[in-house]
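Colleague: I am new to this structure. Please take me closely through one part of it, the salt bridges and the helices they involve.

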Amino acid sequence: MTAHAAPVDAAALGRLPTEAVRPELADLDVRSTREVVALLAEADAEVPAVVAAAGDAVAAAVDLVVERTERGGRLLYVGAGTPGRLAVVDAAELPPTYGTDPGLVVAVMAGGPQAVFGAREGAEDDEAAGAADVRAHDVGPDDVVVGITASGRTPYVLGAVDAARAAGAGTVGVSSNAAAALSARVDVAVEVPTGPEVVAGSTRLKAGTAQKLVLNQLSTAVMVRRGRTYGNLMVDVRVTNAKLAERVRRIVAQATGADDEDVERAVTAADGHAGTAVVALLGGVDAERARQLLDAAGGRVRAAVERARAGGWR
C-alpha cells in the first residue's frame, strides 16, 4: 500500500457482483478449449443489453460534454488498469477520425503513461494522486472529467472526480456495479452492472467490454452532436495513408453524388479535407469560400452548406 493509499474494505469489496465467483465454473481449468471460448462469448453477449439499458445516462453524459466543450473546455478520462488503457485508446483514436485537436480529449492514467504498457496496480489505491493528476491538468468549469472504474470504488478515480468537482468541472462516472460509490460523487452516473466474470474478479472481461462500448458511444455521440460528421459520414477524417485518401474520395462522392472527376477536383482543391470538398460541391462555391463557411459554422458541414446555398456569411 502506498503512502496515500485508502484502506481497503475487504467485506465491501467481496460483496461486489464483479468480484463474485460463479460456482458452476469451478472446473473451468479442465474444460475443453472450445468450451472456454464459448463461455467467454456467451458472457460478452450479455453486455450490449446492459449498456443499452444505461442509454439515458450515456445521453446525459454526452449532452454535458457537448455543452462544456462548446464553451472551449475538454473531456478528460480518468482510470486505472484496464479502464485507463481503454480511455487511452478512445482518446487516441479521435483526432485521426474526427480531426479534433489532441488536447480536446485527454486520458489520465493512474501510474502515468508507463502504466499503459506495464501494470502498476498499486497506483489505483492512491486517492491523493488522482486528485493531483487532475489538478495538474488545470481542470476548470468548462471541462468534464469522466471517471471509469469497474468496481465503482477505485480510490484514484474517486480522488480525481472529487478534485474535478471542487474545480467546478462537470463529472461523469462509469462503473460496472449498481449503487457504486463513484455514482454518488458525480453529476452523471453511468452504471453498467455486468455481474460476475467467467474468471472471478477479472474485470478486463465483461466489465472491460462494457466500458469500451460506453466510451465508444460517448465519444462518437459527442462528435456527431458537435457536427464532426455530415449525416453518418466522417467529413473530418485525416488523410495519413492511401486507404484514407480513397475513403475521403468515397465520402465526398456519397455525400454529394458528384462524378469521379468533380470529386477528385474538389478533394484536391480542399487539400484532402472531405468537409471542405462537400461544402464546395453542394454549396456551389470554391474551396477557399468553403473553408470560410466552415469556420463560420464551427466546422459543421450541414450548416455551412445551407449558408452557402443561401449566400450567407458574406
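Modeller: A salt bridge here is a side-chain nitrogen of Lys or Arg within 4 Å of a carboxyl oxygen of Asp or Glu. Keep in mind that this is a predicted model. By that rule the count comes to 19 salt bridges.

Start with E46 and K206. Their side chains meet in a salt bridge, 3.1 Å from N to O. E46 sits in the loop between α2 (33-45) and α3 (47-53), while K206 belongs to helix α8, so the pair ties together parts 160 residues apart in sequence. The two ends differ in exposure. E46 is partly exposed, with a relative accessible area of 42%. K206 is at 4% relative accessibility and counts as buried, because buried means under 20%.

Helix α8 has a second bridge to look at. The side chains of E93 and K212 meet at 3.9 Å, N to O. This pair links distant parts of the chain: E93 is in helix α5 and K212 in helix α8, 119 residues apart. E93 is partly exposed at 39% relative accessible area. K212 is also partly exposed, at 24%.

Now α5 itself. It covers residues 81-98, 18 in number. At 1.5 Å a residue it should span 26 Å, and its end C-alpha atoms are 26 Å apart, which agrees. Its buried residues are G81, P83, G84, L86, A87, D90, A91, L94, P95 and Y98. What do they pack against? They pack against the strands β1 (75-79), β2 (105-109) and β3 (144-149), and against α8 (206-225). So α5 and α8 are joined by packing as well as by the E93 to K212 bridge. Just after α5, G99 takes a positive phi of about 65 degrees.

Compare a bridge inside one helix. R249 forms a salt bridge with E246, the closest N and O atoms being 3.1 Å apart. Both lie in helix α9 (residues 242-256), three residues apart, about one turn of the helix. An α-helix has 3.6 residues a turn, so residues three or four places apart point the same way. R249 is partly exposed at 27% relative accessibility, and E246 is partly exposed at 38%. Elsewhere, salt bridges that share partners join E67, R68, R71 and D142 into one network.

Definitions and conventions:
Residues numbered from 1 in each chain as written. Predicted model: local features only at pLDDT ≥ 70, side-chain atom pairs only at ≥ 80, totals over all residues. Heavy atoms only, no water. Helix = DSSP H or I, 4+ residues; strand = E, 2+ residues; numbered from the N terminus. Expected span 1.5 Å × (residues − 1). Buried < 20%, exposed > 50% of the residue type's maximum accessible area, 1.4 Å probe, protein only. Contact = heavy atoms within 4.5 Å.
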